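Q: I'm new to this one and would like to go through it step by step. Could you show it to me before I start asking?

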Amino acid sequence: MAEGKGHEPRDVDARAVGRVAVWFTICLGLIGVALLAIFWRDVERQTIRKGPIVPVEAPESRFPAPGARAESPQDLARLRQSEDQLLNRYEWVDRKAGIVRIPIERAMALVASRGLSVRQADGR
């Protein structure tokens, strides 16, 4: 080690290391400035394309909140009455095809007495 310098001058060139550090810092600064410029340009483009940011109200829900039923008891009674009429009467569904709606009690009795049709293994 040379007297009075504090480091080995033949292994490391301090001036070269300093120059590299300065150039590295300058390059990082330029890259940072370039990225900020790109970012702000993109933000301006999006703002111009989309227009100014306006707060949007939440869309009105199609469904009522839980517990807030709009039906009155009269509506519910009418619904039940129409369901009862549908389930307890004979009616042609498709006269040409011979499809008839029968009361649910009669349908259940027929299924209980005849059983359900079972598909055969060959697909019939």
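Q: Which side chain meets that of Arg78 in a salt bridge?
A: The partner is Asp75, and the two side chains meet at 3.1 Å, taken from N to O. Please keep in mind that this is a predicted model, so what I say describes a prediction.

Q: How many residues apart are Arg78 and Asp75 in helix α2?
A: They are three residues apart in helix α2, which covers residues 73-87, so about one helical turn separates them.

Q: And how open are the two, buried or exposed?
A: Arg78 has a relative accessible area of 52% and is exposed, because the cut-off for that class is over 50%. Asp75, with 32% relative accessibility, counts as partly exposed.

Q: OK, stepping back, how many helices and strands are there in the protein chain?
A: The protein chain has three helices and two strands, and along the sequence they come in the pattern α-α-β-β-α.

Q: How much of the chain is buried?
A: Of the 124 residues in the protein chain, buried ones make up 2%. The accessible surface of the chain comes to about 12200 Å², and carbon and sulfur atoms account for 61% of that surface.

Q: What about helix α1, how far does it reach?
A: Helix α1 runs over residues 14-50, which is 37 residues, and it spans 54 Å from its first C-alpha to its last, close to the 54 Å expected at 1.5 Å a residue.

Q: What comes just after α1?
A: Just after the helix there is Gly51, which takes a positive phi of about 85°.

Q: Which residues make the nonpolar surface patch?
A: The patch is made by Val22, Trp23, Ile26 and Leu30, and its area is about 430 Å². Ile26 is found in helix α1, and at 38% relative accessibility this residue counts as partly exposed.

Q: Changing topic, how many aromatic pairs does the count come to?
A: The count comes to one aromatic pair. The rings involved are those of Phe39 and Trp40, with centres 5.0 Å apart and planes at 70°, so the pair is edge-to-face.

Q: Why is that called edge-to-face?
A: The label follows from the angle, because planes over 60 degrees apart count as edge-to-face, and the planes of Phe39 and Trp40 stand at 70°. As for its surroundings, Phe39 is partly exposed, with a relative accessible area of 45%.

Q: Back to salt bridges, how many does the structure hold?
A: The structure holds three salt bridges. Besides the bridge between Arg78 and Asp75, the side chain of Arg89 meets that of Glu91 at 3.4 Å, N to O, and the side chains of Arg101 and Glu91 meet at 2.4 Å, again N to O. The Arg101 and Glu91 pair links distant parts of the chain, with Arg101 in strand β2 (residues 99-101) and Glu91 in strand β1 (residues 91-94), ten residues apart.

Q: What do the shared partners join together?
A: Salt bridges that share partners join Arg89, Glu91 and Arg101 into one network.

Q: How accessible are the three members of that network?
A: Arg89 has a relative accessible area of 34% and is partly exposed. Glu91 is partly exposed at 29%, and Arg101 is partly exposed at 28%.

Q: In which sense do β1 and β2 pair?
A: They pair in the antiparallel sense, over three bridges. Within this pairing, Trp92 stands opposite Val100 in β2.

Q: And what lies between the two strands?
A: β1 and β2 form a hairpin, with four residues between them, and Gly98 in the turn has a positive phi of about 75°.

Conventions: Residues numbered from 1 in each chain as written. Predicted model: local features only at pLDDT ≥ 70, side-chain atom pairs only at ≥ 80, totals over all residues. Heavy atoms only, no water. Expected span 1.5 Å × (residues − 1). Patch = residues over 30% accessible without salt bridge, like charges linked within 9 Å, V, L, I, M, F, W, Y side chains within 5 Å. Areas by Shrake-Rupley, 256 points an atom, 1.4 Å probe, with all protein chains shown as cover. Salt bridge = Lys/Arg side-chain N within 4 Å of Asp/Glu carboxyl O. Buried < 20%, exposed > 50% of the residue type's maximum accessible area, 1.4 Å probe, protein only. Phe/Tyr/Trp six-rings, centres within 6.5 Å; stacked < 30°, edge-to-face > 60°. Pairing = 2+ DSSP bridges.
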